[in-house]
Amino acid sequence: MASTNDLKNGMVLKLDGGQLWSVVEFQHVKPGKGPAFVRTKLKSVMSGKVVDKTFNAGTKVETATIDRRDMQFSYMDGDYFVFMDMSTFDQLMVDRKAVGDAANFLIEGFTASVAQHEGEVLYVELPAAVELKIEHTDPGVQGDRSTGGTKPATLETGYEIQVPLFVTTGETVKVDTRTSDYLGRKSGN
C-alpha cells in the first residue's frame, strides 16, 4: 500500500478489483478552497488504454510489483512462445495473447523484456528497433512511383511491411517494432 502523496511516474497501481494501471503523469493540486487532491493519467498495463483519474490527497492505493526481465526467445511450442532467462536458464512459456504484436518481429535468439505480476505474464516488449532479413520482395521497377516509392516485403518472421523500391530479397533491414515502419538497411549490406 502507498499513499497518493507518494505517487511516481512508472509506478503500477492495483485498482478496480485488481486491474493494473501504470502512472503516466500526476499532479498534486491544492485549491484555494476544499481539500487537496491528486490528478493522474493512468495507462492500463493490459490494454494500453489511458484514463484520467482523480484521488483525494493522502488516499491509500494498492501498489503492484511488476517483475521485468530480459529473456531470450528460444522456440515456438504450439501457440506458446518459449523464453529463457539467461541468468538462471529457466524456461518460461508465454501465451500468444501476452506476446501480442511483438510476435511479428520475434526470431530465435532475440532478447525481449518479459513483464510478470504474481507469476502471470502481462506483456512482452521488444527493443524499439530490430534487424530482420527480407525473405521475399518483388524487384522494384525503375520509374514506378505510383505507390509512393514503396513495395511490400515479407520478413523472415512471415510478417509483411512496406519497404523502398531499392530493397532486395535477402537484405537485412531495421524495423520499428512499435509502428512496423522500415527504418533503413543494416549497415554493411
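**Notebook: domains 2 and 3, plus two loop residues**

Started with the record: the unreviewed UniProt entry annotates residues 68-122 as "domain: Translation elongation factor P/YeiP central". I looked at that span in the model, which is a predicted one. By my lookup, 56% of residues 68-122 is strand and 7% is helix. The C-alpha atoms at the two ends of this span sit 10 Å apart.

Next, the domain split. I have domain 1 at 11-64, domain 2 at 67-125 and domain 3 at 129-185.

**Domain 2 against domain 3**

How far apart are the C-alpha centres of domain 2 and domain 3? I get 26 Å. For contacts, I find 5 residues of domain 2 touching 11 residues of domain 3.

I then looked up the area buried between domain 2 and domain 3: about 620 Å², with 77% of that coming from carbon and sulfur atoms. Which residues of domain 2 lose the most area to domain 3? They are Asn-104, Phe-105 and Ile-107, and together they make up 80% of what the domain 2 side buries.

Then the polar side of things. I searched for salt bridges across the interface of domain 2 and domain 3 and came back with 0. Polar contacts gave me 1 residue pair across that interface, with both residues at pLDDT 80 or more. Sorting the domain 2 residues that touch domain 3, I count 4 nonpolar, 1 polar and no charged. No charged residue on the domain 2 side leaves nothing there to form a salt bridge, because the rule needs Lys or Arg paired with Asp or Glu.

**Met-11**

I moved on to Met-11, which is in the loop running between strand 1 (2-3) and strand 2 (12-15). What does Met-11 contact once neighbours within four places in sequence are left aside? My list reads Asp-6, Trp-21, Ser-22, Val-23 and Thr-63. I checked the Thr-63 pairing further: Met-11 and Thr-63 are 52 residues apart in sequence, yet their C-alpha atoms are 7.5 Å apart in space.

**Asp-138**

Last entry: Asp-138. I place this residue in the loop between strand 12 (129-137) and strand 13 (150-155). Which side chain is joined to that of Asp-138 by a polar contact? I find His-136, at 3.3 Å. I also took the distance from Asp-138 to Asp-6, one of the contacts I had listed for Met-11. Those two aspartates are 132 residues apart along the chain, and I get 56 Å between their C-alpha atoms.

Technical notes. Residues are numbered from 1 along each chain as its sequence is written. This is a predicted model: local features need pLDDT of at least 70, side-chain atom pairs count only at pLDDT 80 or more; totals for chains, interfaces and linings use all residues. Side-chain values use heavy atoms; hydrogens and water are left out. Domain bounds come from an automatic or database domain assignment. Contact means heavy atoms within 4.5 Å. Buried area is the accessible area (1.4 Å probe) that two parts lose on being put together, summed over both. A salt bridge is a side-chain nitrogen of Lys or Arg within 4 Å of a carboxyl oxygen of Asp or Glu. A polar contact is a pair of N or O atoms within 3.5 Å; within protein, one must be able to donate a hydrogen and the other to accept it, and residues adjacent in sequence count only if both atoms are side-chain atoms. Ala, Val, Leu, Ile, Met, Phe, Trp, Tyr, Cys and Pro count as nonpolar, Asp, Glu, Lys and Arg as charged, and the others, Gly among them, as polar. UniProt positions are given in the numbering used here, feature names are shortened, and annotations may be inferred rather than shown by experiment. Helices (H or I, at least four residues) and strands (E, at least two) are DSSP runs, numbered from the N terminus.
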